[in-house]
Amino acid sequence: MKILHASAEYFPYIKMGGLADMLASLTKEQAKTEEVYVALPLIGKLGKPPQYTGKVYPALLPQDAEIDSLVVSVLKTSRFLEAKESGVTLYFFQSDLFQTLDSIYGHKEEHFRFAMFSYACYALSQILKVDVFHAHDWHTALSLALQKDSAFPIPTVFTIHNLAYQGDHPFWMTGFLKEEPFRLVTSPFDHDGKCNYMKAGILSANQITTVSPGYREETLAEPNGFGLSYCLNQRAKDYSGILNGIDTDEWNPKEDKRIDQTFSDANWKAGKLKNKTKLFQEIGRPLMPLDAPLVGLIGRLTYQKGYPTFLKAVLERLHLPHRYVVLGSGDPETENAFSQLSESIPDVFYFYKGYNESLAHKIEAASDFFLMPSLFEPCGLNQMYSHAYGTIPIVSRVGGLRDTVEESSILEYKTGIVFEPNDVSSLGYALERAKDLFFSQERDIVVKNIMNLDWSWEKRKIEYQSVYSKAIELNI
Ligand code: ADP
Ligand code: GLC
């Protein structure tokens, strides 16, 4: 089967969050049995130089190239450059629209830039004659509407990674979508008086998925449907929740080259201690006691991640022996609050502002616990990375976190600590349970449990296969 994915992120080239990791790991696994292609934008600053093959593909369908319009003139000067990565064929969309950017999101004209990319992905799918076209999030959602209106539609799947970002723009900005070569009727994409790209994807795809069963259920009602729950309910029978997998080569404590001491479930205690010692040296906080529970946090500092709840809980529980190492960037308010704490209680709290892939691995390897206080979480990957590194996750009971972490009363099934979202005292109490667990014999059993969990794609990729089969059936 030939599958073309379309996405704004792909690890290690463009990464802002979990979408990049999810897609790179899924496609690497799919490529073992299928022909897998991925279209992504070529931005000015990539995480790694691509291995180009020299082959080039147009970003326009031949019949549309004849048309005289602004969009066509932009697409005429754009093209796809083919590259190879871990058995997957990548198509980098080379266009002035993206090449001047050094990061993928947050720039003006996103409504136009991603619409152009979506058209180009649609054209590529038709040129490559793929069996399934799989688009991810709002950035590529319009390609599904184009596919639906095409004379030769290709079966489509739309994966929602985060409903909080919908790509909605005033209609006066998206008038070009009615014109050549889009020719879209945009009135059905209206949500709250705006042209909503996410809604376009939901209405147009043959099959819709999201990244955990728990999040699927939550998005069918408000507030987690972010206003689109009615639309998802209309499509409920074609909407499934497939839990993300992880790249078990990239996140493997036995072979991880980014950490100071590799380890397995047989020597995790010694391994963690060495990694902790090195981490403290590296961050210049040698005074942190090694025998106190170290809690790691890594993430985009946004509303979704619930960090204000965490800050309040930490301040209320300063009597606990915990130490905290936080890595992240985002909202200036949260950044400032973390920086202040890092200065005022340097023996307890350390904050690294920025993005640092290698430090993320070091924190996972060194920490005893990993905290995710999300208010909502479509899947979340760090709780699964934590499991692999013997780092006990402490998570809020939401979305994919509740699907992957269980605070069972039966020790053999316990895989972490769970608390209620947006609840300072529930989080504080979870930190207390973490202390008890840290100093008890039970910790050894929980660490063994989690290090032996299988979060690989190997078995789970079949679920996408069956969604592809349904999309093909519906498209006939
Ligand atoms: P989301 O996609 O909502 O950000 P996920 O848990 O799915 O959440 O994935 C986040 C990914 O991004 C993880 O691999 C995490 O380690 C990484 N990440 C987030 N912020 C940073 C950062 N500041 N430095 C390094 N890695 C980060
Ligand atoms: C989104 C979600 C996150 C999920 C990731 C990959 O960014 O916020 O929960 O793990 O996509 O699917």
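Select Asp21 together with ligand 1 in this predicted model, and you will find an N or O atom of the Asp21 side chain 3.1 Å from an oxygen atom of ligand 1, a polar contact being a pair of N or O atoms within 3.5 Å, where pairs within protein must join a possible hydrogen donor to an acceptor and residues adjacent in sequence count only through two side-chain atoms. The protein covers 93% of the 560 Å² of accessible area that ligand 1 has on its own, as computed by the Shrake-Rupley method with a 1.4 Å probe.

Add Lys15 and Gly18 to the selection next: a polar side-chain atom of Lys15 lies 3.0 Å from an oxygen atom of ligand 1, whereas Gly18 brings a backbone N or O atom to 2.6 Å from an oxygen atom of ligand 1.

Now widen the view to the 20 residues around ligand 1, of which Gly18, Arg300, Lys305, Gly354 and Leu381 come nearest, with a residue counted if one of its heavy atoms lies within 4 Å. This shell divides into 6 nonpolar, 9 polar and 5 charged residues, Gly being classed as polar. Colour β13 (DSSP strands are E runs of at least two residues, helices H or I runs of at least four), since β13 gives the most to this shell, with 3 residues.

Move on to ligand 2 by selecting His161, Asn244 and Glu377. A polar side-chain atom of His161 lies 2.7 Å from an oxygen atom of ligand 2, one of Asn244 lies 2.8 Å from an oxygen atom of ligand 2, and an N or O atom in the side chain of Glu377 is 2.5 Å from an oxygen atom of ligand 2. Here the protein covers 93% of the 310 Å² of accessible area that ligand 2 has on its own.

Extending the selection gives 14 residues around ligand 2, with Cys379 and Gly380 among those that come nearest. The largest share of this shell, 3 residues, comes from α1, and the shell as a whole divides into 6 nonpolar, 6 polar and 2 charged residues.

Finally, colour by domain, using bounds from an automatic or database assignment: the shell around ligand 1 draws at least three residues from each of domain 1 (2-245 + 457-475) and domain 2 (268-451), and the shell around ligand 2 likewise draws at least three from each of these domains.

For orientation, residues are numbered from 1 along each chain as its sequence is written, with chains lettered from A and ligands numbered from 1 in the order in which they are written. Local features need pLDDT of at least 70, side-chain atom pairs count only at pLDDT 80 or more, totals for chains, interfaces and linings use all residues, and side-chain values use heavy atoms, with hydrogens and water left out.
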